Amino acid sequence: MRKPKAGLPTRQQIMDFIAESDHPAGKREIARAFGLTAQEKIALKALLKDMADEGLIDSAPGRAFHKMGGVPKVTVLRVADVDDGGNVWAVPERWEAETPPPRLRVRERKRGALAIGARILARTEEAGGGWIAHPMKALAPSSEQMIGVLRGEGDRLWLQGVEKKERREFPVSEAGGAEAGDLVLAERAGRPPRITARVVQRLGDPFAPRSFSLIAIHQFGIPDRFSEGALEEAERVARQPLGDGREDLTHLPIVAIDPADARDHDDAVWAAPDDDPANAGGWQAIVAIADVSFYARPGSALDRDARGRGNSVYFPDRVVPMLPEVLSADVCSLKEGEDRAALACHLQVTKGGALKSWRFTRATVRIAANIAYEDAQATIDAGAGPMLEALRPLWGCWQALAAARDQREPLNLDLPERRVVLDEKGRIMSVAPRERLDAHRLIEDYMIAANVAAARALEAKKAPVMYRVHEPPAREKLVALKDYLDTFGISFALGQVIRPATFNRIIDKVGEADFRPQIMEQVLRTQTQAYYAPGNHGHFGLALGSYAHFTSPIRRYADLMVHRALVSAYALGPGGLAGDEDFERIGEAISGLERRAMEAERDTIDRYVAAYLAERVGELVEARITGVVNFGFFATVEGVGGDGLMPVRDLGGEYFRFDEASRRLVGETSGEEYVLGQHLRLRLAEANPVSGALRFELPEGKGALPPPRRDGPRRGIKRRGRPANIRHQGRRK
């Protein structure tokens with residue numbers, strides 16, 4: 001990478017100038033602003049190219065520059081949608097930033113002049129938290145793509161989008177060889193009421209299991225192909241030796257405990273009683289993490305592809321990795337019997353579970369065994385097995401860590417996480433909650449300890465940190481929670497200091513009541529969303545003051561940033577920080593990409609669940625209400641998941657009043673109530689695997705009247721059994 005000469009502005013100075021300039025800032029304007037000589041202008045050109053390659057800036061028409069992630073003051077936009085109200089929405093035609101492109105509302109000079117696919121040169125401005133575009137010039141048109149399924153009607157084809165919220169169908173102007181029933185990628189053009197679709201690619205059978213993740217990949221714009229440069233670089237660096245100066249840990253029985261179907265192995269652990277007299281009764285522990293920073297260097301093709309993805313995306317049938325498979329599934333993956341490069345976190349744990357000391361080294365490890373959670377648990381429970389001697393001290397140290405965790409009282413919610421099990425052909429065998437074992441908690445607590453150590457170590461070195469931030473709940477959410485708890489007769493004082501333990505006590509008060517699940521879900525809704533940032537605001541949910549993700553650099557870019565910071569801070573060799581990373585911007589970008597991945601994974605699970613339930617359409621199912629709105633309620637099938645709508649129009653002939661505070665629908669005549677968390681039997685009327693949508697009816701049929709009530713309106717909940725007591729594993733804490 002080229003370095004700027006002494007007379008040149010720094011990267012940050014250039015970015016600040018571009019951001020603050022009232023006019024488009026090209027190379028000429030930058031040179032004039034900093035008073036550069038003719039020779040320095042040549043160096044500036046090279047520096048600007050480097051900054052563009054690094055994703056710091058991008059060029060707009062006319063060679064003006066703007067910060068990546070922003071919108072130029074004058075730029076080319078493409079009309080992406082015209083809603084039913086006639087509002088025109090556009091997106092930047094060129095968008096290479098890691099964050100999703102913004103949607104700009106276009107102020108048309110003449111209503112109805114712009115259609116989907118139209119391209120315009122526009123002047124942009126921020127207004128009211130959003131963006132407004134003022135058209136300057138019409139350009140040659142383009143098109144807007146969408147994923148959908150073709151439906152035949154006579155001799156015509158119609159395109160139905162795969163998104164649940166997309167209820168419109170569009171006539172197909174050109175099928176491109178695709179037929180009714182095919183899953184396709186199509187281009188939309190026109191504006192209401194004459195929007196048409198042209199098929200550009202046939203994707204196959206929408207009901208084939210592997211299509212469900214393919215839909216999400218296209219729908220969310222998840223990059224599933226690496227650049228040629230990244231692939232070539234991965235093959236080359238995979239062959240490089242592990243390097244000198246590594247601590248040799250190959251003699252220790254370090255083990256990796258993961259899901260049985262794990263595709264990559266970031267972490268492995270070891271523990272033994274501490275022989276330090278100053279730590280009597282304590283433990284030594286090592287958390288060994290794949291040394292990804294040794295292979296993926298800042299500014300490289302690998303780094304650019306990894307940053308653009310932000311994280312790996314996990315689907316039941318495949319993984320879209322952050323790094324090419326030669327690294328993610330092979331050379332970086334901690335495999336049994338193979339020498340691997342690791343960044344080792346050495347921990348000294350007191351008998352009470354506190355972290356007494358820590359240090360970080362680059363090491364060579366040879367994993368003694370890759371063990372599934374279930375097998376590790378079975379070995380400990382039986383007190384016998386080939387790896388028992390390695391597992392026993394791990395459990396002993398974990399009991400100390402668990403005691404310390406219980407003492408600080410982090411947020412403890414029992415929430416389901418669904419697991420889709422497929423056969424070798426990708427067909428669905430089962431959908432069920434994941435089993436929660438002590439082996440899961442053990443690995444979680446070791447990872448949390450290493451993450452805390454990484455954050456504190458970097459703070460001690462006064463090095464940059466990419467924190468994992470989880471802020472306390474906002475007051476308006478606490479007010480909403482108080483109003484909700486009031487309907488159950490549960491007191492909640494707003495004036496108190498809110499800690500995770502505050503919510504745990506609420507759940508403890510509920511005990512084993514039938515409405516326990518919905519109380520926990522409401523507590524979860526009260527929480528803020530975690531994110532990545534260089535500013536430390538603590539991790540509320542874990543009740544920790546300093547926390548950084550360190551343990552999964554194969555699948556999370558944030559962890560790779562922390563590894564690089566540690567390598568630089570501890571002078572551990574090559575692969576440290578480049579020195580000019582914008583942690584704030586990168587944190588915002590990877591936080592957005594994490595949310596994208598979560599949505600894609602959730603939507604795909606919903607599609608698998610709908611496909612699994614499709615054979616039960618028409619049957620009565622045990623369900624629980626998960627959401628109540630003025631137009632009906634949403635329910636999920638017990639033990640399986642998947643939300644479906646029960647429209648209020650199908651609840652019978654009477655009028656139902658919506659009580660927002662208590663989240664319930666109440667029949668004016670019968671007093672029949674439908675309340676958040678209520679258990680009831682419903683008829684599964686529809687299960688659409690393509691959209692993942694479910695629809696329910698009353699057991700008596702659509703529009704049937706509910707049975708008359710004899711005891712008047714109720715304040716309580718129907719009690720028809722308890723749901724399974726299952727816990728959320730919290731993979732993204």
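Does Ala 460 count as buried or exposed? At 63% relative accessibility, Ala 460 counts as exposed. The structure is a predicted model. This briefing covers its salt bridges, its charged surface patches, one helix with a buried face, and a few alanines. The structure holds 30 salt bridges, and three of them are described below with their surroundings.

**Salt bridges**

- Asp 182 and Arg 202 form a salt bridge, and their closest N and O atoms are 2.9 Å apart. This pair links distant parts of the chain, with the two positions 20 residues apart in sequence: Asp 182 sits in the loop between β10 (169-174) and β11 (183-189), while Arg 202 belongs to strand β12 (residues 196-204).
- Asp 182 is buried because its relative accessible area is 9%, and the cut-off for buried is under 20%. Its partner Arg 202 has a relative accessible area of 49%, so Arg 202 is partly exposed.
- A salt bridge also joins Asp 291 to Arg 246, with the closest N and O atoms 2.9 Å apart. Here too the pair links distant parts of the chain, 45 residues apart: Asp 291 is in the loop between β16 (283-290) and α6 (301-309), and Arg 246 is in the loop between α5 (228-238) and β13 (247-248).
- Asp 291 and Arg 246 are both buried.
- Glu 622 pairs with Arg 681 in a salt bridge whose closest N and O atoms are 3.0 Å apart. Because Glu 622 lies in strand β26 (residues 620-629) and Arg 681 in strand β32 (residues 679-688), the pair ties together parts of the chain that are 59 residues apart in sequence.
- Glu 622 has a relative accessibility of 43% and therefore counts as partly exposed. Arg 681, at 42% relative accessibility, also counts as partly exposed.
- Arg 405, Arg 436, Glu 444 and Asp 445 are joined into one network by salt bridges that share partners.

**Charged surface patches**

- Lys 27, Arg 28, Arg 32, Lys 41 and Lys 45 form a positive patch on the surface. Two elements, α2 (27-33) and α3 (38-53), each give two or more residues to this positive patch.
- Helix α2 provides the largest share of the positive patch, with three residues.
- Lys 41, one of the residues in the positive patch, is placed in helix α3. Its relative accessibility is 40%, so Lys 41 counts as partly exposed.
- A patch of negative charge on the surface gathers Asp 261, Glu 374, Asp 375 and Glu 435.
- Asp 261 is placed in the loop between β14 (255-258) and β15 (267-273). With 44% relative accessibility, Asp 261 counts as partly exposed.

**A helix with a buried face**

- In helix α8 (residues 373-382), the buried residues are Tyr 373, Ala 376, Gln 377 and Thr 379. Seen down the axis of α8, these buried residues fall within an arc of 160 degrees, so they line one face of the helix.
- Asp 381 and Ala 382 are exposed residues carried on the face of α8 that is turned away from its buried side.

**Alanines and backbone angles**

- Ala 460, the residue in the opening question, is found in helix α10 (residues 438-460). Ala 460 and Ala 569 are 109 residues apart in sequence, and their C-alpha atoms are 9.6 Å apart in space.
- Most residues other than glycine have a negative phi. Ala 543 has a positive phi of about 55 degrees although it is not a glycine.
- Ala 543 is found in the loop between β25 (531-533) and α14 (557-569). At 28% relative accessibility, Ala 543 counts as partly exposed.
- Ala 571 also has a positive phi, near 50 degrees, and is a residue other than glycine. Ala 571 lies in the loop between α14 and α15 (583-613).
- The relative accessibility of Ala 571 is 67%, so Ala 571 counts as exposed.

Note on methods. Residues are numbered from 1 along each chain as its sequence is written. This is a predicted model: local features need pLDDT of at least 70, side-chain atom pairs count only at pLDDT 80 or more; totals for chains, interfaces and linings use all residues. Side-chain values use heavy atoms; hydrogens and water are left out. Patches are made of residues with over 30% relative accessible area and no salt bridge: like charges are joined within 9 Å, nonpolar side chains (Val, Leu, Ile, Met, Phe, Trp, Tyr) within 5 Å. Accessible areas come from the Shrake-Rupley method with a 1.4 Å probe; for residues, only the protein chains shown count as cover. A salt bridge is a side-chain nitrogen of Lys or Arg within 4 Å of a carboxyl oxygen of Asp or Glu. Lys and Arg count as positive and Asp and Glu as negative; His and the chain ends are not counted. The place of a charge is taken as NZ of Lys, CZ of Arg, CG of Asp or CD of Glu. Helices (H or I, at least four residues) and strands (E, at least two) are DSSP runs, numbered from the N terminus. Buried means under 20% relative accessible area, exposed over 50%, partly exposed in between (1.4 Å probe, protein chains only). The arc is that of the directions from the helix axis to the C-beta atoms.
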